[in-house]
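Here are my notes on the model you sent, set out point by point so that each can be checked against the coordinates.

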Amino acid sequence: MHVQEWLDSVPAVAVYALVSLVIGLESLGIPLPGEIVLVSAALMSSQHTGVDPFILGACATAGAVIGDSIGYAIGRKGGRPLLAWLERKFPRHFGEAHVATAERSFEKWGMWAVFFGRFIALLRIFAGPLAGVLRMPYWKFLIANVLGGVVWAGGTTAVVYYVGMVAEDWLKRFSWVALVAAIVVGLGSFVVMKRRSQRKESNEQAPEAEPVGADQA
C-alpha cells in the first residue's frame, strides 16, 4: 500500500483519527503497521498539508497509551488461554518462540520492557496483553506505558517532521545547485568541444600546406 498517497487524499481530522486508531489497535495486540502510518503522517505534516504535528503527536500518544491499557485489561482477564488463542489466530506474530522471547524480556526488565517495547515491533504488540497476563502491577505498567507512549509517539513525530522540513529545504537548495551545475557543465562541454573542433581543423590544414612548401623548395 502507498500509505503516504492514501493519507494525502483524506482530511486532517481523518488522519489524526486513523493514526490514533491504528496505533491503538496495534498496542492492544493486533498486528498492524502503526509505525509506518505514524511516520507517513508525520512526513505529511512536514509538507504543509494542514496536518499539525503537535496534534498528530498527541493523537498518536493517546492511541498508544489507551491501546496498551485495553490490551493490559484483556490480558489480565484472559490469561494464558488468551495467548493460546492469539497464537492460533496470528501464528506469525504470536508463535510460541515469540511469546517466549517476550516473556524473557518481561522477566528480565519488568516495567522497562513496557517502556522500551514501544521501540521494538514485536514487543509493541505484546507489551499490553503480556503485562496483563503476567499480572504486572497496573501502576507500574501505567507509568511505563505513558512514558513510552510519549517518547515513542511524540519523539517519532518530532524527528520525522523536522527531518522532512530539513530535507524539503535541502531539496529546494539542491534544485538551484543542480541548475547552476547543469549550466556550468553545459558551458564547459561547449568550450571543450569548440577547442577540439578548432584543433582538428588546424591539424587537417597542416598536411595540405606541407606539399606546397616542398614544391617551392
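The points below go from the overall fold to helix packing, salt bridges and the surface.

1. This is a predicted model, and the remarks that follow should be read with that in mind. The chain contains eight helices and zero strands, so that its pattern along the sequence reads α-α-α-α-α-α-α-α. Of the 217 residues in the chain, 35% are buried.

2. Helix α2, residues 12–28, packs with helix α3, residues 34–45, at an angle of about 155°, and their axes lie 9 Å apart. Because angles over 145 degrees count as roughly antiparallel, α2 is described as roughly antiparallel to α3. The crossing of these two helices, α2 and α3, is left-handed.

3. A search of the whole structure finds three salt bridges. In one of them Arg124 pairs with Glu26, the closest N and O atoms being 3.3 Å apart; since Arg124 lies in helix α7 (residues 121–133) and Glu26 in helix α2, the pair ties together parts that are 98 residues apart in sequence. Both Arg124 and Glu26 are buried.

4. Arg124 also forms a salt bridge with Glu35, where the closest N and O atoms are 3.4 Å apart. This pair links distant parts of the chain, with Arg124 in helix α7 and Glu35 in helix α3, 89 residues apart. The environments of the two partners deserve a separate remark: Arg124 is buried, with a relative accessible area of 3%, whereas Glu35 is partly exposed, with a relative accessible area of 33%.

5. A further salt bridge is formed by Arg118 and Asp68, with the closest N and O atoms 3.1 Å apart. Here Arg118 sits in the loop between α6 and α7, while Asp68 belongs to helix α4 (residues 53–89), and the two are 50 residues apart. Both Arg118 and Asp68 are buried. Salt bridges that share partners join Glu26, Glu35 and Arg124 into one network.

6. On the surface there is a nonpolar patch with about 940 Å² of accessible area together, whose members include Trp109, Trp112, Phe116, Tyr138 and Leu142. Helices α6 (111–117) and α8 (138–216) each supply at least two residues of the patch, and α8 gives the most, with five residues.

7. Which residues of α8 illustrate its partly exposed and buried positions? Leu142, found in helix α8, is partly exposed, with a relative accessible area of 32%. Asn145, also found in helix α8, is buried, with a relative accessible area of 1%. Asn145 and Phe115 are 30 residues apart in sequence and 6.1 Å apart in space, C-alpha to C-alpha.

Definitions and conventions
Residues numbered from 1 in each chain as written. Predicted model: local features only at pLDDT ≥ 70, side-chain atom pairs only at ≥ 80, totals over all residues. Heavy atoms only, no water. Patch = residues over 30% accessible without salt bridge, like charges linked within 9 Å, V, L, I, M, F, W, Y side chains within 5 Å. Areas by Shrake-Rupley, 256 points an atom, 1.4 Å probe, with all protein chains shown as cover. Salt bridge = Lys/Arg side-chain N within 4 Å of Asp/Glu carboxyl O. Helix = DSSP H or I, 4+ residues; strand = E, 2+ residues; numbered from the N terminus. Buried < 20%, exposed > 50% of the residue type's maximum accessible area, 1.4 Å probe, protein only. Axes fitted to C-alpha atoms, helices over the stretch in contact; angles between N-to-C directions. Parallel < 35°, antiparallel > 145°, perpendicular 65-115°, else oblique. Left-handed = near helix turned anticlockwise from the far one by under 90°.
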